[in-house]
Amino acid sequence: MKHEFVMLFRIFICIFLLCSSISASAHSHTALPPKKMEWPFDGMFGTFDRQAAQRGFQVYKEVCAACHGLYNLSYRNLKDIGFSDAEIKEIAKNYTLQDGPNDAGEMYDRPAMPSDKFVHPYPNEQAARAANNGAYPPDLSLVVKSREDGANYLYSLLTGYHDAPTDITIMPGLSYNPYFAGTQIAMPPPLTDGQVTYADGTKASVEQMARDVTIFLQWSAEPEMEHRKSMGLKVMIFLVIFTIFFYIAKQRIWKDVK
Amino acid sequence: MDSKTNNVNCNKSCSIIEWIDYRLPFLSFLKHLQHYRTPKNLSYLWSMGSIAGIALVIQIVTGIVLAMHYTPHVDYAFESVEKIMRNVNYGWLIRYMHAVGASMFFVAVYIHIARGLYYGSYKTPRELLWQIGIVIFLVMMATAFMGYVLPWGQMSYWGATVITNLFSAIPLVGENIVTWLWGGFSVDNPTLNRFFSLHYLLPFIIIALVMLHLIALHTHGSNNPKGIDVTEKDTIPFHPYYTIKDFVGFGVYFLIFAFFIFYEPNYLGHPDNYTPANPMVTPAHIVPEWYFLPFYAILRAVPSKLGGVLLMFASIFVLFFLPWLDRSPIRSASFRPLYRISFWLFVIDCLVLGYVGGKPPEEPYLTISRIAATYYFFNFFILLPFISKYEKPLPLPSSL
């Protein structure tokens, strides 16, 4: 048996070396790998930094929401990141949506309620494309989950805009961003220093806003994360004890088998 | 059997359980576990069968609950899955158990198959047992493929498009078959509906096949790490010895399972599947789930579409003939020095195929996949018959 393990181990090393040399050569023409950031939601005990998530919501509301929807979320969900019922009512009231038909058969506009989903910035995809040079701003509620290394990618993208190298011709209407696949992105640089005024006095640098909105969108993609991780710990502890007990029982039952 | 004799003579002192058992021998079936003799030297690798059984049960239970909240319609499927994740109580847990559970099921089954290969469990008198297992594996693959389509994300849609299009390679009637499979002229709502229906049906067919698998298993009993026929004194009752040992295996399995559910639930999936399906936008790389990657690599290794499809199906169907390709009467690789090497080379070959299957179809991956696919068939059609003819096995022990 030992012989096989040694052999298997050697083989794995060979495969690993092969793979790493291949992947090193394959990535040179595509987008830059995202910056590696440290996030409060990382790891087995990760949580959402509620202050940061609330600031991130402000960035979303004042900047991103002009073009990007947050379709899978309702206003009431904001309670998870520490907004009170009254605050959520206030937030929702600022949006108008079409409801109906009423008893007279008419559609009518009304202010949004906490139970409503986040109101879309555009009535439909065509309207969104018409307003954005043909590009369709994706919905952000799952953006962190729908991109490889999502949180780092989003942060890198938001902070990654800079002037294009001289050998790259930027198409009209596009911006250079080395973290975007193809390096030319239809979204103009969305953040500038001091663009929002944080209520808690935090300085609104591009990096700070990018970090805050990433934390907010991480929450919007996986609102169950804190619950999931804390439950996971209990389940794992239970299973370790379960396994040890059964192992002891197994040893006792098997002790006469020669 | 003794309970029957009891019952024939049982007049007044007949318990309810005995009364029932005389008419429906349920208790006798449970007693079968106690009387069922098992070789005493089975390692934890032999727990993989019951672990796979548990994995099937978990998939069915979580799947039935998911189906209560899921909507199989192209306009609502993606949204209904997000509704499960966000608004159904513990919906995220049930869905992650189901999604991670599929991967864990394949892990268990692949180890189970590899164990069968290493210890020659496919050899006489267990050929049918092995073949039923391969049928189970095929039905599992179909079930998993259709299940992956249901969330109606980008990979669901494009995976379904690529795989169903394979049938267009069939000469003359290929295109008609694809239209028939789709229920239309592209992957669309009728396709999603029938995939949901079949995804719900096939697991129950797997249960029936598992029963056949168990009947075949219990006819001649388990093989064992030494691969020799056992006598009564080398065996112990399945219960309590292997029930308790299997529980230790379950514990370890559940620990790994729980780690993925709670801490890396999307590690084994593809991020693109959190983008709703869009027939107008093709993802940069369409890749199937990890457990299909070796077969996907074989498919793409062949420049002709029909050739690729045939070779891919052949790579699974060849397993049906394994008991006759490997003619050596010795089962366990422990006593077959050359076969042991060929086994590990084959495992590596499958890992290499899996790796290149996940890469874009370009150099150097194409060349690697061609070499690895060639080796895959070389192993079965040339190496195994050759080894089993010329290998000098080590002396077999006379008992465990």
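## A well-covered helix in chain A

Let's start with helix α5 of chain A, which spans residues 150-159: 9 of its 10 residues are buried, so this helix is largely enclosed by the rest of the structure. The structure you are looking at is a predicted model. The buried residues of α5(A) are Gly150(A), Ala151(A), Tyr153(A), Leu154(A), Tyr155(A), Ser156(A), Leu157(A), Leu158(A) and Thr159(A). Part of their cover comes from α6(A), residues 206-221.

## Chain A as a whole

Chain A is built from 7 helices and 4 strands. If you follow the sequence from start to end, these elements come in the order α-α-α-β-β-α-α-β-β-α-α. Of the 258 residues in chain A, 27% count as buried. Taking the contacts of chain A between residues at least 6 apart in sequence, 61% join residues at least 24 apart.

## How far to trust chain A

The mean pLDDT of chain A is 89, and 89% of its residues score at least 70. Where in chain A is confidence lowest, and where is it highest? The lowest value belongs to helix α1(A), residues 2-26, with a mean of 48, while the highest belongs to helix α7(A), residues 225-253, at 97.

One stretch deserves some care. Over residues 16-29 of chain A, pLDDT stays under 50, and the model gives this stretch 2 contacts beyond four places in sequence. Where pLDDT is low, the predicted coordinates should not be read in detail.

## Chain B at a glance

Chain B holds 16 helices and 2 strands. Its radius of gyration is 24 Å, close to the 21 Å that the globule rule gives for 400 residues, so chain B is as compact as a globular protein of that length. Along the principal axes, the C-alpha atoms of chain B fill a box of roughly 70 × 60 × 45 Å.

Buried residues account for 38% of the 400 residues in chain B. Among the contacts of chain B with a separation of 6 or more, 76% are between residues 24 or more positions apart.

## Two nonpolar cores

The largest nonpolar core has 81 residues, and the members that touch the most others are Phe105(B), Ala108(B), Ala297(B), Ile298(B) and Leu353(B). Helix α6(B), residues 91-118, supplies the largest share of this core, with 15 residues. Apart from this core lies another, of 40 residues, which includes Phe41(A), Phe57(A), Ile215(A) and Trp219(A).

Which residues does Ala297(B) touch, leaving out those up to four places away in sequence? They are Leu353(B), Val356(B), Gly357(B), Ser369(B), Ala372(B) and Ala373(B).

## Helices α12 and α5 of chain B

Ala297(B) is one of the buried residues of α12(B). This helix, residues 293-301, is mostly covered, with 9 of its 9 residues buried. Alongside Ala297(B), the buried set holds Leu293(B), Pro294(B), Phe295(B), Tyr296(B), Ile298(B), Leu299(B), Arg300(B) and Ala301(B). The cover over α12(B) includes α13(B) (305-317), α15(B) and α16(B) (365-390).

Now turn to α5(B), where Ala77(B), Phe78(B), Ser80(B), Val81(B), Ile84(B) and Met85(B) are buried. These residues cover an arc of only 165° around the axis, which puts them on the same side of α5(B). They pack against α4(B) (48-69), α6(B) and α10(B) (189-220).

## Where the two chains meet

At the interface, 30 residues of chain B are in contact with 34 residues of chain A. Which elements give two or more residues to the chain B side? They are α5(B) (77-86), α11(B) (238-263) and α15(B) (337-357). The largest share of that side, 14 residues, comes from α11(B). By class, the chain B side has 22 nonpolar, 3 polar and 5 charged residues.

## A closer look at Leu345(B)

Helix α15(B) is also home to Leu345(B). Is Leu345(B) buried or partly exposed? A residue needs 20 or more other C-beta atoms within 10 Å to count as buried. Leu345(B) has 15 within 10 Å, so this residue is partly exposed. Leu345(B) and Tyr376(B) are 31 residues apart in sequence, and their C-alpha atoms are 9.6 Å apart in space.

Terms used
Residues are numbered from 1 along each chain as its sequence is written. Chains are lettered from A and ligands numbered from 1 in the order in which they are written. This is a predicted model: local features need pLDDT of at least 70, side-chain atom pairs count only at pLDDT 80 or more; totals for chains, interfaces and linings use all residues. A residue is buried if 20 or more other C-beta atoms lie within 10 Å of its own, exposed if 12 or fewer, and partly exposed in between; C-beta atoms are placed from the backbone. Two residues are in contact if their C-beta atoms, placed from the backbone, lie within 7 Å. Ala, Val, Leu, Ile, Met, Phe, Trp, Tyr, Cys and Pro count as nonpolar, Asp, Glu, Lys and Arg as charged, and the others, Gly among them, as polar. pLDDT is the predictor's confidence in each residue, from 0 to 100. A nonpolar core is a set of buried Ala, Val, Leu, Ile, Met, Phe, Trp, Tyr and Cys residues joined through C-beta atoms within 7 Å. The arc is that of the directions from the helix axis to the C-beta atoms. The radius of gyration is taken over C-alpha atoms; the globule rule is 2.2 Å times the number of residues to the power 0.38.
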